[in-house]
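Student: I would like to work through the packing and the sheet of this protein with you, step by step. Could we begin with a single residue and then widen the view?

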Amino acid sequence: MPVWLKVVTAVLSLAIVGGIAFAGFWYLRLQGNISKAPLNAGGGNSETVSDATGRMQILILGSDTRDGKNAEYGEADLSAGYGKSDVMMLMDISEDNKRVSVISFPRDLLVDIPECKDGETGTEYPARSDVMINEAMTEAGIGCAVDTVNRITGLEVDHFMMADFNAVKELSNAVGGVEVCISDAVYDPDSRLRLPAGTSMVQGEQALAFLRTRHAFADGGDLGRIKAQQGFLSSLTRKIKDDGTLADPGKMLKIADVVTQNLTVDEGLASVPTLLTIGNRLKDIDISKVAFVAVPTAPADLDPNRLQIAEPAGSQLFAALRKDIDLTDPTAPATPSPSETAPPSAAPTEPAPAQPPYDKALQPVAVANGTGVPGRSQEIVQALISGGFTQAAQFEATTVAQSVVYYGPGFADVAADVAAVLGIPAGQTVALPAVSGVQVYLGTDFTTGTTYGAAAALPENIVNQTAGDETCQQANPYLIVSE
């Protein structure tokens, strides 16, 4: 073999070995960085989703824990137990990888928290009502926050990611800063945010202050804070896309190292290949299809300083999410589910025997509200009365997923007509001897409108902005300072 060929072969061998060692080093380093926790704290999520394909929901949490590097932001007893979720966002990736919706939950939102079990200690905590949503993970851990969001939305969260204060600082430094805009110069002594009017590049402590400040924007409430956080994430998304970061292995390694050191995820997400797979799904999405939304809210009846979900807007939003509606264009067709694309079952070969006529006004019909939306059955009762079933009654019931029309002996024909009034498929009428007459049991698949399966109505201007929109936050007049 010629000397030059031996030299080239040796160099190539060293390069290959060096490349493998380099890749192995980074894999072990990133994998070792990752912390994990159980996905659920209740019954658990029995559904599985492909990380590469299929619709996916990831709950993103910002922890206010003061442990370790976060101690400088307050005393440890300010974040007892597992800490509170300073930020809570649900990221919904469409099955075709063409859309992402990011739904923000205000931390002052009063919700019902289900029974939760601490996966580490085995301690069981009873269900609680009218509790601020940021307390969901305080006792039983992150999985309880996941279970709470599942209960509110009727969705099944597939994964979660939780980051602390330090993650924000390090990530903003890793990308070289994030551009933000504010209408006037402000100073917030609580968060230490100080910014001039107009556009600024923030990173490190100022990036964290921009996301944490509770008083600097709008009227000083949580909704103004959410819009600022969404503006920050939109700007971060544009920068990563414009800089080609997702296609640059060097930049990606740097960001991955920073993120994984400050990230806690569920077991299903706790591997480098899985994180890379999900990242790959996001790299080609049109930023105009990355929609930032806030859960519709109103001042809480129990405490005007807190918030509650505004109805029917909240139910309309969650129904649209369950149907995979494009929030940036609600008129676009939803991605069909496997059940919608399956071939129809064969129709019966023999027609059902004719039934004698009856008087609708005399038929006992009850509406069981299993939607989880208080007062939902009232609208359905009115629809039935309009359809001639004037004896319709209503009551609250246990939440269920699918709406069904049950009927007792001799009421099959009445059930069929009741189902037809509401547009409920014939396959969802079921004989049940214990029922006296007909019972319409409403599920979470029928939370709005009076026609089952109709296109979900969305509140006007539900999308605060997309990642393609450059926005400027309105400063709180009480914190404006002279530059």
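Student: Which residues does Ile103 touch, not counting residues up to four places away in sequence?

Tutor: Keep in mind that this is a predicted model, and that contact here means heavy atoms within 4.5 Å. With residues up to four places away in sequence left out, the partners of Ile103 are Met88, Met89, Leu90, Val293, Val295, Leu317, Leu321 and Leu327.

Student: Which residues touch the most other members of the largest nonpolar core, and which element supplies the largest share of it?

Tutor: That core holds 40 residues, and those touching the most other members are Leu59, Ile103, Phe105 and Leu317. Several elements each supply at least two of its residues, including strand E2 (56-63), strand E3 (85-93) and helix H8 (313-322). The largest share, six residues, comes from H2.

Student: How do E3 and strand E4 run, and which residue in E4 stands opposite Met89?

Tutor: Strand E4 covers residues 100-104, and five bridges join it to E3 in an antiparallel arrangement. Across from Met89, the residue in E4 is Ser104.

Student: Why is one side of strand E1 (35-37) and of strand E23 (463-466) left without a neighbour in the sheet?

Tutor: The open sheet has eight strands with mixed pairing, in the order E1-E14-E9-E2-E3-E4-E15-E23. Strands E1 and E23 stand at its edges, so one side of each has no neighbour in the sheet, and the reason is that each has a single partner strand.

Student: What does the twist average from one strand to the next?

Tutor: For this open sheet of eight strands, the twist from one strand to the next averages 25°.

Conventions: Residues are numbered from 1 along each chain as its sequence is written. This is a predicted model: local features need pLDDT of at least 70, side-chain atom pairs count only at pLDDT 80 or more; totals for chains, interfaces and linings use all residues. Side-chain values use heavy atoms; hydrogens and water are left out. A nonpolar core is a set of buried Ala, Val, Leu, Ile, Met, Phe, Trp, Tyr and Cys residues joined through side-chain atoms within 4.5 Å. Buried means under 20% relative accessible area, exposed over 50%, partly exposed in between (1.4 Å probe, protein chains only). Helices (H or I, at least four residues) and strands (E, at least two) are DSSP runs, numbered from the N terminus. Two strands pair if DSSP finds at least two bridges between them. Axes are lines fitted to C-alpha atoms, for helices over the stretch in contact, and angles run from 0 to 180 degrees between N-to-C directions.
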